[in-house]
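Visitor: I am new to this structure and would enjoy a close look at a single part of it. Please choose one and walk me through it slowly.

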Amino acid sequence: MNRILIREDLANHIILSLVLFLLGAIASQAAGFDPMWQCIHGASFSLAVGAGKELIYDWWMGKGTPSWADFGADCVGVGLAVACRSPF
């Protein structure tokens, strides 16, 4: 029963992108935007940070290994956050 079902790195990407989504959505709420725009701002912020990490930190600076799987995990985290926070 101690089997790992998902790589730890991918789990970290999912969790962090979900947290970044919530930070973006909370900032948008504080600025007075309606719930639909809060979701859009949260998703945009989270995906921008995820893409920036892969492109700038991993690829351009050479401090890591850029991975489509990592960015896909970021998208999964944002999808989960949208599903939980969506006004629809």
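Guide: Let us follow one helix, α3, and then look at what surrounds it.

A little groundwork comes first. This is a predicted model, in which local features need a pLDDT of at least 70 and side-chain atom pairs count only at pLDDT 80 or more, while totals for chains, interfaces and linings use all residues. Residues are numbered from 1 along each chain as its sequence is written, and side-chain values use heavy atoms, leaving out hydrogens and water.

Helix α3 runs over residues 68-85. Helices here are DSSP runs of H or I with at least four residues, numbered from the N terminus. With its 18 residues, α3 spans 25 Å from first C-alpha to last, close to the 26 Å expected at 1.5 Å a residue; that expected span is 1.5 Å times one less than the number of residues.

Now see which residues of α3 are hidden. D70, A73, D74, G77, V78 and A81 are its buried residues. They lie on the same side of α3, because they cover an arc of only 140° around the axis. That arc is taken from the directions that lead from the helix axis to the C-beta atoms. Buried stands for under 20% relative accessible area, exposed for over 50%, and partly exposed for anything in between (1.4 Å probe, protein chains only). An α-helix has 3.6 residues a turn, so residues three or four places apart point the same way. On the other side of α3 you will find W68 and A83, both exposed.

What does the buried side face? Its residues pack against α1 and α2. Contact means heavy atoms within 4.5 Å. V78 is a good place to start: leaving out residues up to four places away in sequence, it touches S17, F21, A43, S46 and L47. V78 also belongs to the largest nonpolar core, whose six residues are F21, A25, C39, A43, V78 and A81. Helices α1, α2 and α3 each supply at least two residues of this core. A nonpolar core is a set of buried Ala, Val, Leu, Ile, Met, Phe, Trp, Tyr and Cys residues joined through side-chain atoms within 4.5 Å. In soluble globular proteins, nonpolar side chains tend to be buried together.

S17 sits across from the same stretch. This residue is found in helix α1 and counts as buried, at 2% relative accessibility. Not counting residues up to four places away in sequence, S17 touches S46, A73, D74, G77 and V78. S17 and C75 are 58 residues apart in sequence, yet their C-alpha atoms are 7.7 Å apart in space.

Next, turn to D70. At 4% relative accessibility, D70 counts as buried, and its contacts, not counting residues up to four places away in sequence, are R7, D9, L10, H13, E54 and T65. H13 is in helix α1 and is buried too, with a relative accessible area of 9%. Leaving aside neighbours within four places in sequence, H13 is in contact with K53, E54, D70, A73 and D74.

D70 is also part of a charged pairing. Side chains of opposite charge can pair when their charged atoms come close. A salt bridge is a side-chain nitrogen of Lys or Arg within 4 Å of a carboxyl oxygen of Asp or Glu. R7 and D70 form one, with their closest N and O atoms 3.6 Å apart. This pair links distant parts of the chain, as R7 is in the segment before α1 (8-30) and D70 is in α3, 63 residues apart. R7 has a second salt bridge, to D9, at 3.4 Å between the closest N and O atoms. Both R7, at 46% relative accessible area, and D9, at 31%, are partly exposed. Elsewhere, K53 and D58 meet in a salt bridge at 2.7 Å, N to O. Through shared partners, salt bridges join R7, D9 and D70 into one network.

One last stop is C84. A search of the whole structure finds zero disulfides, a disulfide being a pair of cysteine sulfur atoms within 2.5 Å. C84 is in none, as the nearest cysteine sulfur, in C39, is 10 Å away. C84 is exposed, with a relative accessible area of 71%, whereas C39 counts as buried at 9%.
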